[in-house]
Structures are given as C-alpha cells and as structure tokens.
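I opened this notebook to keep track of what I look up, one entry at a time, beginning with the empty spaces inside the protein and then turning to a sheet.

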Amino acid sequence: MDQFRLFPPEASTSAQQIDWIYFALVALTVLICVIVFVPIIFFSIKYRRGSKADRSNPRVESVFIESGWTIVPLLIFIGLFSWGAVVYFHVENPPRDALQVQVIGKQWMWRLQHAEGKQEINELHVPVDRPVELTMTSQDVIHSFFVPAFRLHQDVVPGKYTHEWFRATRPGEYHIFCSQYCGTQHSAMIGRVVVMEPLDYERWLNTGRPMESIALAGERLFRERGCSGCHSVNSKFHAPLLEGTWGKPVPLESGEMVTVDERYVRDSILLPGKEISKGYQNIMPSFAGTLSEEEIMQLIAYIKSIGNQTSPSESAPNASR
Amino acid sequence: MKTAIEIDIQTEGEMPREHYLNVKTGVKAWLLTMDHKRIGILYLWTILVFFLIASVAAAMMRIELLTPQGDFVTNETYNKLFTIHGVLMVWFFLIPSIPTVLGNFAIPMMIGARDVAFPKLNLLSWYIFVAGGALTLWAIIHGGVDTGWTFYTPYSTTYANSHVITMAAGVFVAGFSSIITGMNFMATIHKMRAAGLTWFRLPLFIWSMYATSVILVLATPVLAITLAVMCVERIWGVGIFDPKLGGDPILFQHMFWFYSHPAVYIMILPGMGVVSELITCFSRKQIFGYGFVAAASMAIAVLGFLVWGHHMFVSSQSVYAGMVFSILSFLVAIPSAIKVFNWTATLHKGSIHFATPMLYALGFIGLFTIGGMTGLFLATLAVDVHVHDSYFVIAHFHYIMVGGMVMAFMGGLHYWWPKITGRLYPEMAGKLAALTTFLGFNLTFFPQFILGYLGMPRRYHAYPPEFQMFNVLSTAGASILGIGYLLPLIYFLWSLKFGRVAGPNPWRATGLEWQTPSPPPKHNFEDKTPIVTEKPYSYSAKEDADLNLASI
C-alpha cells in the first residue's frame, strides 16, 4: 500500500495549510499546460505542412494580447505569493505556549533534549495537539531537520540557533530526515518522531531516572563554572546582573542597543569582547572550547528562566540602565 | 515519407570546393586555429567528453537508487558520484554547451561577420577551459570530491577529506573561459554586425546570446571570488565561513547563489534563443511578438540577479528577506511565460514541418513549461519549506536544464549540423532519437516530483523502502534517456561520411548563415558580407503551403 502513496501523511496543522497551496499550484499547472499544450497540438494538426487550412493575414504582433498574457499571470502570481507568504509567516513564528525541545545536530546523529530534561537520540516523542518548538544548532556542519509528515523543514546551522515548530494532529510515527548534505553518512542521519496521546506522553516523560530540567542544569553550571562569581549582587567584580534582562534591550559601549536573546547570550559567552554592556569593562574570559553546545543551551535556558525576576541591580549602584 | 529536406539540394560540382574544414588540415592546424567555426568544433568534442563522464556518474547513481539499501556503491563513492555529475554537467557541459559550440559557430555568420571580434582570445578561452577541465579531471581521478557541486561551507572548508581545492581550482579556471567568451560575444554583437543589421533586425538567438553574455561577464567573477575565499579558509584557516573560526556559513550561500542563480539563466537563455530560431523556421512564419521575446531575454538577465535568496528560504535567512526573494522569483517567471505564449502563437497559421529540430523545439516548450511551473512551487514560501532540498527540486531543475537546455542544444545541433559539416543527418533516426529522449526524460524525472513531495531528500545514498517504486520508474526512464542520447552520437558520426550532401540551405531558412555554402568558406562569406534590408524571419507560411499543394 505504502508504495502507491502520492502524498506524505498530513500530521500537523501546517501540513494541511501547505497542502492546500500545493493543490492550488498543481491545479494551476494543469490549467497552464492545457492552455499551452492544447493550442500547440491543435495548431500542429491544423497547420501541418500540406494541410489546406487558411493561412491568409497571419498576425505577428499584438500589444493587446501581449499585455493580456503579461498582466493575468502577474495577478495570479501576486495572489500565490501572498498566500504562500502568509502561511510561511505562520510556520516561521512559534506560539508562545509551545513545549520547548532543544536539538543538536552532529555528524551523523540528532541529540534532543526536552525542557523537562529528558534526552533522546534520533527520536522525538511529542504529545498530540500541543505546539512544540525546536531550538536547534549544529556542532559541526550545516544539517537540516526535516519531517515530511509535518511539512517541517529548517536548516540547523553551526554558530547560531534556528527554530521551527509544529502542532501534531495524529498519533503515529513519522520520519525525520537530515536534508542538508552533511558528509559521508548523510543518508543515515535519520530518525523518527513519535506522536503520542497526552497521557501516554506524560507517562513516557516520567519514566527512567529522575531528570534535571534544562534551566536547572543551567543554574548548576552557572555556579560550577564560576559565572555567579561575577554576575551577582555580592560580587567584587563589576559585571552586569542577568536577572530580568531576557528579552529586553540593553545599551552597549558602542552606543548601540541590543536585545538580550539567544544570539546575544551565546556570543557574550563565546566572544565576550564583541558587544560590551554600557558602563562595563571587557574583563570576562571567553568560554569558547570549554563549554559544549548543550551547556551553552542550558545556560541560555537558565538566563531565560530568570528573565521575569526583578533585577536586584535596580537598587544597586553603578547599575546598567 | 517526405521530409523537410527535399528542397534545392545543390550539387557540389566537380572540383572539391575549399571550405573551413579542408582549408588546412592536421592536428596543429586545428590546435592553433583562430577560426570561430573550428573553435566551436573543438568545444563540441571537449564538452562531449565531459558529458559522457558525467552521464556515467548519473547512470551509476540511478543503479544505486534501484534498491532502498546502499548496495551498489559505498556512501562515500555515491557522494563523489553526485559531485562529479553536478560539477561536470553544470560547469563543463551546460554552461558552455550552446554558447561555445553553437554560439561560436553561428553568431559571426548570423550577423554577417568574418569572425568574432577577438579571434585569439576565442582560442585562448578554449585552452583555459581545457586547463580547468584537466584540473577537475585530475581531482576526480585522484580520489574525487564529496562536497556536492554547491561546495557548502563549513563542510567544504573544514570537514571534507577530499580534493576540494583542486576541484574548485578547476571550476575557478574554467570561469575565465566563460568571462572571455561572454566579453567576446558582446564586442562581436556590438561592433561586427553587417550593414543594415540594426538591433531590431537581429535574430532572437543573437538577442539571447547577448543577454547570456552579460550574465557571464557580470556573474562569473563572483563565483571566482567565492571559490577563492573558500580555498583561503580551507588552506590557511582564515575564518570567513566556519563559525568555529568566527565566520558565517550563510555568507557562503549568499555569495554562491549570487552567481549560481544567474548561472541558471546562462544555461536556459541560449536554449530559448535556439527555440525561437527553430519555431519560426519550421512553422515558416515570423515570430509572434519579436520585441517582447527580445525584451524578455534582457528582463530575465536583469531580474535573474535579484532572486538568489530563494535558495535559502529554510537556511535561517530572515523571514522578510524570504518574502522579497519570493515575489522577485515570481516576477522572473513572467518573461519566461511571455516567451512560451509567443512561441505557441507563432504556430498559428504557420505551415508546420515536423523535422527533427522542430520536434526538439516542441519538446523543449512542453518540458520547459512544466519546469517553469514547478519553479513557482519553489518560489512559494510555504511550499518551499516542505520541498526544499528534496527530489522535487531535483526534478524541477532537470526539467529546466535537461528538458529545456539539452533539448534545445540537440535541436540546435541538428539544425546547424548541415551548415557545420555540409551533410544531413538521417531524418528518421533523428525523429526517433527526439521522441526517445522526450519519453525517457519524462519517465526519469516526473516520478521525482512525487518522490520529492513524499519527502525523499536529495543526495541520499539509501532511502526508506516506501520510496522504491518511483525510484525504479526513474531508473527505467534513465536507461531510455541514455538511448536517446546515444542515437545521435552514432548517426552524427555516420553522417560525416555517409550523410546526404546538404547544400547551402536545406531548411530554406532566412538567417544570414544560410546564405553561404555548407560548410562555409574560411571567412564565412565568399566575397562580400551580406547587406541586410529587412526584419528577420521573413517566412511566408502561405507561400510554403501553396508550394506544397502545388507539388502534390
């Protein structure tokens, strides 16, 4: 049965939206083929060499006809572009209440970790009917996390975070492919998504050894790696406090403003001298090479988790604005 | 069975006439020739070699993909095969094909010139091309490269263990041949036109070659820079693309596609030019909307530079940049659509001869239409999210490049073959080959659209078993396609000795190149270059039809 499929299973909300555009495009293609091929076949027969068809007064130009077949496709194209752009905007912007999963691609496997701490390799378990957001990066080359059944596709790029999200609609198992060529075993960098009923998912999440959530692991790292030695109220070093900063703009020494997000925190850990907060010295050492991608993600999750706390710095002297 | 070629065949006379092929023979005469016609033939043999090697690589890939398991070659070999196939087909076959073979041969004659503007540079371009090809072949023989033809970073700069530098150097060197050829054609078309041959009396093949030359000259240097910078990072570890060294891998994609998307139009515009010549000649009619078809070529050349970002909709490029590139990609489809509609309208009230070149031209329109329409799927942001890097993309660009460009190249080669060699190819065999190619092509690549939408990623050595049926169809099609390409190889060679003598104008075509004997004399026209007094394509379908009725 599987061999005679023409479409992959539709297992996410965006799958349906994308398939509708696809069907519209298929219909348009068939229509254009009819508009072009039927006259070609008709003329080929009627005006074949030696036929007695009337060939007097052939037209060789017509601004009216040319304008027609320029403007009509243009209008159709603007419509298609808009439809595609609206759905694209939707699939590129995750909802705020999405479950968080972190994905790290490396030659040639996927390592995934749920916000609650559960880890997986080449498998992703998710509950049905809940939005799930993947935050992804690569340890080496560019990969791409592709789930055909969800019409979900995003490159996984080293040195930066990319996101994709889905809301699964049907329990079942679906392929994960790496679709960006990544070396010798590219075609073996595959896995599966398991979509489960919510109760089954809860049960799955709570089996195995007790877990430390990603943010808690980040907090532990924050202490163990000495971050808290400087980034705290009691520190004798002059370092910015991180509570309450997530998602907010901060001024830089260069006079620019930057929003505290994954990119800024990541760069500040690996390249501390790149964007220095206003009023501070570049005294922080780089952690490049000493922290793994997972650990950087954990630290980011921790800083994000304290993003809603009021910053103790507001009462402290020399605080950054 | 009547063919299109029973018209005024002129016998050669008693004395063998002197022409460009017999004026001076021997290896040295050929290797030092500055005759654009001979250089065209040198290019023809050269790209044939690369085409055959790249086809063998394709055949091995199709055999591997017969079964879901990777059991015919290892994954490492498979990755090298698709790299060889891509690099050779793109840079050593498709890009040079029509410009350097048919363009070199026909452009000076079509504009009534004795040669191109810079004959020595023309020969130099061939030597540079051969040098680039030799470097690439060296890299292939000494173990190959496994980056894919796109050389994406940081894989190519830091992780790939193969002859990336040599392969890139080969492409880099060959690029200069493109630049010189483009420049030469532009100078030739500007300065060497016959008396009375104004811009709007130029054949459409010349317009499309002019547009192609503009892209060759403007885009190819960007490829050279991109590959050079990639080598700098790979050799000296200067951080440009690899984030571990402080670089940005997406920057490479911007630079690469800034060249490689216009390169798609380098590959298709010449084909469109050939098809305009064929459709008019074999429907005995002036082209419908000459000005629009010519302007469409220039519009494609300009807009083609502004759409590179549609290769990067899921690469982490900004959503808003994606939207701009999406609408621009829709816009670039409009001039292509205009051309298709105008070709179709040209058939109306024509007197249509189904000679081999016409079959290829009609095949081109069909396949190019499907290729172009599926391009819209990829320009549509949300749909591209799903089919990006899947077999859908593979099928789409093969419809454009093989279904479009190679069909047009074969059509043009059949059309100008009597002029090149003075002999006619066997017409029935030609028709058979055209039909075989058309059917084999569709069977090979249509199933790949379905595979792509099902989710089969490109560059996969092994795949889940549910994709097998369409892969088997595709491989079956490829073997038919192979026959379609082998047939002309055989009968073209056969025709060199046994083909009927063609005479100066077997197609009763109107272009200047048909006003000189076949094969043409060394300097194209026997005494004086022609003077042009009217628009191109002054065919009359009515006269042709009356003539045919009278002869029955």
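Entry one, a lining. I started with the second largest cavity and asked which elements of chain A each supply at least two residues of its lining. I found that helix H2 (63-92), strand E7 (152-156) and strand E8 (162-167) of chain A do so. I keep in mind that I am working with a predicted model, so every value I note here is computed from that model.

I then wrote down the lining of the second largest cavity, which includes A:Val91, A:Glu92, A:Leu152, A:His153, A:Gln154, A:His163, A:Glu164 and A:Trp165, and I noticed that B:Val385 of chain B is listed there as well. When I sorted the lining residues of this cavity by kind, I got 4 nonpolar, 4 polar and 3 charged. The space in this second largest cavity comes to about 80 Å³.

Entry two, the other cavities. I next asked how many cavities of 30 Å³ or more a search of the whole structure finds, and the search gave 3. The largest cavity holds about 120 Å³ of space, and 14 residues line it, of which B:Ile95, B:Pro96, B:Ala174, B:Ser177 and B:Ser178 are the closest to its centre. Helix H3 (75-110) and helix H6 (164-191) of chain B are the elements that give two or more residues to this lining, and H6(B) gives the most, with 6 residues. I also sorted the lining of the largest cavity by kind, and noted 9 nonpolar and 5 polar residues but no charged ones.

Entry three, a sheet in chain A. Here I followed 5 strands that form an open sheet in the order E4-E10-E9-E6-E7, with mixed pairing. I wondered why one side of E4 and of E7 in chain A is left without a neighbour in the sheet. The reason is that strand E4 (123-127) and E7 stand at the edges and each has a single partner strand, so one side of each stays unpaired within the sheet. From one strand to the next, the twist averages 20°.

As a reminder to myself, strands of a sheet pair through backbone hydrogen bonds, either parallel or antiparallel. I checked one pair in chain A: strand E6 (residues 143-147) and strand E9 (residues 172-178) run antiparallel and are joined by 2 bridges. A:Phe145 has A:Cys178 in E9(A) as its bridge partner.

Last, I looked at what lies across the sheet's strands, and I found helix H3 (residues 198-205) of chain A across E4 and strand E10 (190-196) of chain A, running at about 130° to E4(A).

Terms used
Residues are numbered from 1 along each chain as its sequence is written. Chains are lettered from A and ligands numbered from 1 in the order in which they are written. This is a predicted model: local features need pLDDT of at least 70, side-chain atom pairs count only at pLDDT 80 or more; totals for chains, interfaces and linings use all residues. Side-chain values use heavy atoms; hydrogens and water are left out. On a 1 Å grid over the protein atoms alone, a cavity is a set of points where a 1.4 Å probe fits but cannot get out, and a pocket is an open set with protein on both sides within 12 Å along at least five of seven lines; lining residues have an atom within 4 Å of a point. Grid points are joined across faces, edges and corners, and a volume is the space filled by probe spheres set on the points. Helices (H or I, at least four residues) and strands (E, at least two) are DSSP runs, numbered from the N terminus. Ala, Val, Leu, Ile, Met, Phe, Trp, Tyr, Cys and Pro count as nonpolar, Asp, Glu, Lys and Arg as charged, and the others, Gly among them, as polar. Two strands pair if DSSP finds at least two bridges between them. Axes are lines fitted to C-alpha atoms, for helices over the stretch in contact, and angles run from 0 to 180 degrees between N-to-C directions. Contact means heavy atoms within 4.5 Å.
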